[in-house]
Structure formats: structure tokens, C-alpha cells
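Here is a short tour to read with the viewer open. We will look at a few strands, then at one side chain, and end with a word on confidence.

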Amino acid sequence: MSDERVYFEDRGERLLRELHATHGISRRRLLQLTAAGVPLLTGLGRLTAPARAQAGPAAGNRAILKPLPPGWFVNFGSNAEMRWDSVGELGYTIPNERFFVRNHTSTPSIGASSWRLRVFGSGLRPGRHRTHTVEFSLDDLQRLPARTMTASIECAGNGRSYFASQQGTPAGGTPWHLGAIGVAQWRGVPLAEVLERAGLRRRAVDVLPEGLDSNVISGGVDPGRVRRPLPVRKALDDVLLAYEMNGRPLPADHGFPVRLVVPNWVGVASIKWLGRIEVADTPLFSPWNTQLYRLTGPTYPPDQPPLTRQAVKSAFELAQGAQLAAGRRHVLTGRSWSADGPIEKVEVSVDRGASWRRASLHGPNRRGAWVRWSMPWMPAVRGAHELRARATDVTGTVQPSTVPFNDGGYMFWAVVKHPVLVT
Ligand SMILES: Nc1nc2c(c(=O)[nH]1)N[C@H]1C(S)=C(S)[C@@H](COP(=O)(O)O)O[C@H]1N2
Ligand SMILES: [Mo]
């Protein structure tokens, strides 16, 4: 079950109980009302779906359409992570069919010819609030100046399972290992270009991109479509409206026909199946920046800002519990990444952190993507061993050995203890 779904279910239950207590409306009656489409205004927004537009349900009942062979993916239903032990054979970018998928709902099927991007709101000229809408077809976007960029998309919850296995404090949500990340080459039009053409006003502060997948409904609460505000400053900086992934049209699961790519930020910012962008001269909100994707928990002061930048992390291209022959030379390989800059160094320990050796870095080492590395190892002693990889980025940030727990299980960036068996 997804982190968000757990959250909304709890929240939905609470909301129903509150409405029952304050208005004497029965739980069943509330569910009937919401099922019948009667809007209930709540802190979370409207409980009913706005008129459906453009997107139809995808074929079949699968949340993810592409095949998920167990050798490549750990399948969590509507989410699937890349298996790191399958990555060694791949190049710098991850092919489309191997890229992890994270769906709050299900992959919709959207026709390219009828698809439109609608840009509207008080942050646009001539400023007839919420009535001035500029539409772009896919052809329109493809005629604008294109940009290509290599960037990672990584879920904020990547590594979440290690809160349980390494720190004894499990967090609800998809129990990702480290495979909720991928690097691809994206091609599309800068969001800045589209906003300028739509008539961006200088006083605009936030944009709110929204997906065309279904509303995220759970426990009777409907917070609407997946959408998360972005400050105009970031929107104008390096955000791409991507229509190609690794030289091919975006695959359905990754946002066809157009998605946002928001470099260095938590994956949820990179809205797939983009349908609308509100541009406003006042701050915008959605549950994805007010309730979700924030750090809350025992050691966090209240009102931490919404998560934006990703941290420094490392992964071995090796199965958990991989078997390695004693007395032979093995080459340990992996990748490290940081949102703040290229990786300065990667150190590997084969003795539970007692000593560390520098790995060799190979090939491109880009901010917002990753660097590949390797280190030879000839294990002498049979039995259980534990490997660790620790990266330092160019700003000097080094992966810690533990991170403070947060309720959402976001941003696990501590060094991961990787068990192997020497035989
Ligand atoms: N419309 C929409 N956009 C979305 C999501 C979604 O469920 N719906 N999931 C987000 C999250 S949480 C992540 S981590 C990334 C995952 O992108 P991918 O599935 O292409 O790997 O997409 C983001 N964009
Ligand atoms: Mo995510």
C-alpha cells in the first residue's frame, strides 16, 4: 500500500468521525453522499471529482501497464522498484522498460491528439482571475524550442525500508529499498518557455501542475488529482515539460504524452500525465505540499518546509545477501548521487565500517544524476559479511550512519548495510 494511501485512509476515517460528531451525520450517510457526488468542503478540498476530462481508465486492472519481470523489478502493485542487482549491465541511463514506477493511482490511457495542456490563473496576463486559459496541444509544444537533459527522478521515500531494518523504526508506505530512482535522458520544452508564452506576470509566485490520472480516493476522502505547487523561481530555472524519454515518446507509465521533470527535487514534483498548470500571484497549496512530503516526527519542529532537494546516497549493484566465492577477486560496483553537485568521493567498507577504501569513479559525474564506481575485493574469510558504501558530494556533504526518523519515511540517506555471503 502506498504511503499516501495509508495516510489518506487514516485521515478519511478521522474526517468521517469528526463530521459525525459535529453534524450528527452518520458514517453511512456520508459515504452515500460522497458516492452520489455531493461535494463536501473540507480542509482537504472537495470530496468529489471535478468533471472528468481527457483521461480514460487504462486497459485491464493493472496500475502499471509495462511488464515487470521479477529479475528487474520488485513489484509493490502500483509501485515497482528497480532491482539494483540488475543494474550492473546497464549504461549511465536506465532504459524505459527498466525504469522504476511510482503511481499514486493507476496509469491512465491518454490519446495524444485530443490531449491539451491548460495553463491558467491569476499569475497570467491579462489576469482575468482563473478565466484566462491558454491551451497547448502536443504539436504546439513540439514546435517550441526543445531541450535535452539527463536527470534522475527519485522518490522521496526511496530507502524507506531501512528505517525499519537498520534503525528499528518502521515507517508506513511503500517499503522501497534503494531502487526508487532512475536516470534518463529527457527531451522537451522548458517550462519557462511555456509560461512566458502563456503570459506570465512578474508578480506570479507559484505554479501548480496537475496530473490527468484519477483522483486519489481513499476512505471516502478525495483530495483530488495528484498536484504539487512549485515556486515560480524553480519553474523558470530548469524544469522541463518532457515528451521524450531516452529518445522515444514517453511511455504510458512514465507520463505520456507529457510530464514534468523537476531536476534534483523529490520525485513527486515531476508530475506525470500533465493536464493543467495553475499560475498564481498568491501561494498555492495541495495536500502534497501541506500534509505529505514534509518531515514530521519526534525530533522535527512543527512546520518543516515541504521537501524539495534530494540528499546524498549510494547503492551497490548487488543483490542483498549475494553469494561471492572466497579467495577470488571480485569487482564491487555501484552508483552514488546527490542533488547538490557531483560526487567528490565514494568510500567502501567490507568490515562493518572499521576501515574504508576509496572506490574509482567512472564516466559522467553529474549533479542531479549519478556517478558509477567500482572497487576490487578479494574476500578471504567465508561467512556473512557486510558491505557499506559512503559518498561525499562536492559540497562536502557525507552520508551519515543514521538519520533521524520521520513519520513518512522520507529521505533515508544514511549509509546502507549490505549483507553478502562469502562461500
Ligand atoms: N500525475 C502523477 N504524477 C506523478 C505521480 C503520480 O502518481 N501521478 N507520482 C509521483 C511520484 S511520487 C514519483 S516518485 C514520480 C515517479 O516517476 P516514474 O513513475 O516515472 O518513475 O512521479 C511523480 N509524478
Ligand atoms: Mo515519490
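## Strand pairing

In which sense do strand E8 and E9 pair, and over how many bridges? In this predicted model, E8 (residues 147-154) runs antiparallel to E9, and the two are joined over 8 bridges. To find one spot on that seam, start from Arg147: its bridge partner in E9 is Gly188.

E9 also has a partner in strand E12 (residues 240-245), with which it pairs in the antiparallel sense over 5 bridges. Here you can pick out Val189, which stands opposite Leu241 of E12. E9 itself covers residues 181-190 and is mostly covered, with 8 of its 10 residues buried.

## A closer look at Leu387

Next, move along the chain to strand E23 (residues 383-393), where you will find Leu387. Is Leu387 buried or exposed? Leu387 has a relative accessible area of 0%, so it counts as buried.

Setting aside residues up to four places away in sequence, Leu387 touches a set of residues including Phe316, Leu318, Leu332, Trp377 and His418. Among the others it touches are Ser349, Val350, Val416, Lys417 and Val420. Val348 is worth finding too: it sits 39 residues from Leu387 in sequence, yet their C-alpha atoms are 7.2 Å apart in space.

## How confident is the model?

The protein chain averages a pLDDT of 87, and 85% of the residues score at least 70. Over residues 1-59, though, the pLDDT is below 50, and this stretch has 107 contacts in the model beyond near neighbours in sequence.

How values were computed:
Residues numbered from 1 in each chain as written. Chains lettered and ligands numbered in written order. Predicted model: local features only at pLDDT ≥ 70, side-chain atom pairs only at ≥ 80, totals over all residues. Heavy atoms only, no water. Buried < 20%, exposed > 50% of the residue type's maximum accessible area, 1.4 Å probe, protein only. Helix = DSSP H or I, 4+ residues; strand = E, 2+ residues; numbered from the N terminus. Pairing = 2+ DSSP bridges. pLDDT = per-residue confidence, 0-100. Contact = heavy atoms within 4.5 Å.
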